[in-house]
Amino acid sequence: MMDSELFHLFIMNINNALENLIHEAINRNENLFILFLDLDGLKSVNDRYGHDEGDSFIKAMGTILRQLHGNGELVMRYGGDEFVVMSRNYTDEKAVEYIRRIQRSIDEYNMTSGKEYKLGASMGYSLVAPEEDMKLEDLIEEVDQEMYKVKKAKKEKLKRQQP
């Protein structure tokens, strides 16, 4: 099989998994949990240590997210340094705890990695009542805006801390 054929199969499988997740949530009358995660500082890692180290930065986050998989979460790399996690049957409390678990895993990674830089991420989430005609792009756009609020607040906090 050619690479483009494999990629097409991969995309079809992801779309099928997403459709199944949405239909299951609809049938069970459950919310969809959508988390948008954006890595903090990837550009500076790439600029200072090179793109191979930047790839390690991305892979480390992927590993963390895979290790925390345990409640039917579907984890996808969405862009260069962005990930999307979707699941069903989440509450706000469960979502906040999941994000805390991600942050604890990031902190553990930073303490044990021996890297000069710190892995970091800004995360935003939404709980959505699913509908048959939902478009994934619309859902991700909404939760992406939540993540950017978090990222902006982090940057403003850093500015206030600098002399």
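User: Which residue stands opposite leucine 35 in strand 3?

Analyst: This is a predicted model, and in it leucine 35 faces valine 85 of strand 3. As a general idea, the strands of a sheet pair through backbone hydrogen bonds, in either a parallel or an antiparallel sense. Here strand 1 and strand 3 run antiparallel and are joined by seven bridges.

User: How many bridges pair strand 1 with strand 4, and which residues stand opposite each other there?

Analyst: Strand 1, residues 32-39, pairs with strand 4 in the antiparallel sense over eight bridges. Aspartate 38 stands opposite serine 122 of strand 4, while leucine 32 stands opposite valine 128 of strand 4.

User: In what order do the strands lie in the sheet, and which are the edge strands?

Analyst: The sheet is open and consists of four strands in the order 2-3-1-4, with antiparallel pairing. Its edge strands are strand 2 (74-77) and strand 4 (121-128), each of which pairs on one side only. From one strand to the next the twist averages 15°. Helix 4 packs on this sheet, where it touches strand 1, strand 3 (82-88) and strand 4, and the direction of helix 4 makes about 160° with that of strand 4.

User: How should I read the two faces of strand 1, and are its residues buried or exposed?

Analyst: In a regular strand, side chains alternate between the two faces of the sheet. In strand 1 both faces are covered, with Leu32, Ile34, Phe36 and Asp38 buried on one side and Phe33, Leu35, Leu37 and Leu39 buried on the other. Eight of the eight residues of strand 1 are buried, and the strand is therefore largely enclosed by the rest of the structure.

User: What angle do the axes of helix 3 and helix 4 make where they cross?

Analyst: A pair of packed helices is described by the angle between their axes together with the distance between those axes. For helix 3 (residues 51-67) and helix 4 (residues 92-112), the axes come within 10 Å and cross at roughly 135°. Because an angle from 115 to 145 degrees falls outside the parallel, perpendicular and antiparallel ranges, helix 3 and helix 4 are oblique to each other. Helix 3 passes helix 4 in a right-handed crossing.

User: Which residues of helix 3 and helix 4 meet?

Analyst: From helix 3, Ala60, Met61, Ile64 and Leu65 meet Tyr98, Ile102, Ser105, Ile106 and Tyr109 of helix 4. Sorted by class, this contact has eight nonpolar residues, one polar residue and no charged residues.

Key. Residues numbered from 1 in each chain as written. Predicted model: local features only at pLDDT ≥ 70, side-chain atom pairs only at ≥ 80, totals over all residues. Heavy atoms only, no water. Axes fitted to C-alpha atoms, helices over the stretch in contact; angles between N-to-C directions. Parallel < 35°, antiparallel > 145°, perpendicular 65-115°, else oblique. Left-handed = near helix turned anticlockwise from the far one by under 90°. Contact = heavy atoms within 4.5 Å. Nonpolar A, V, L, I, M, F, W, Y, C, P; charged D, E, K, R; others polar. Pairing = 2+ DSSP bridges. Buried < 20%, exposed > 50% of the residue type's maximum accessible area, 1.4 Å probe, protein only.
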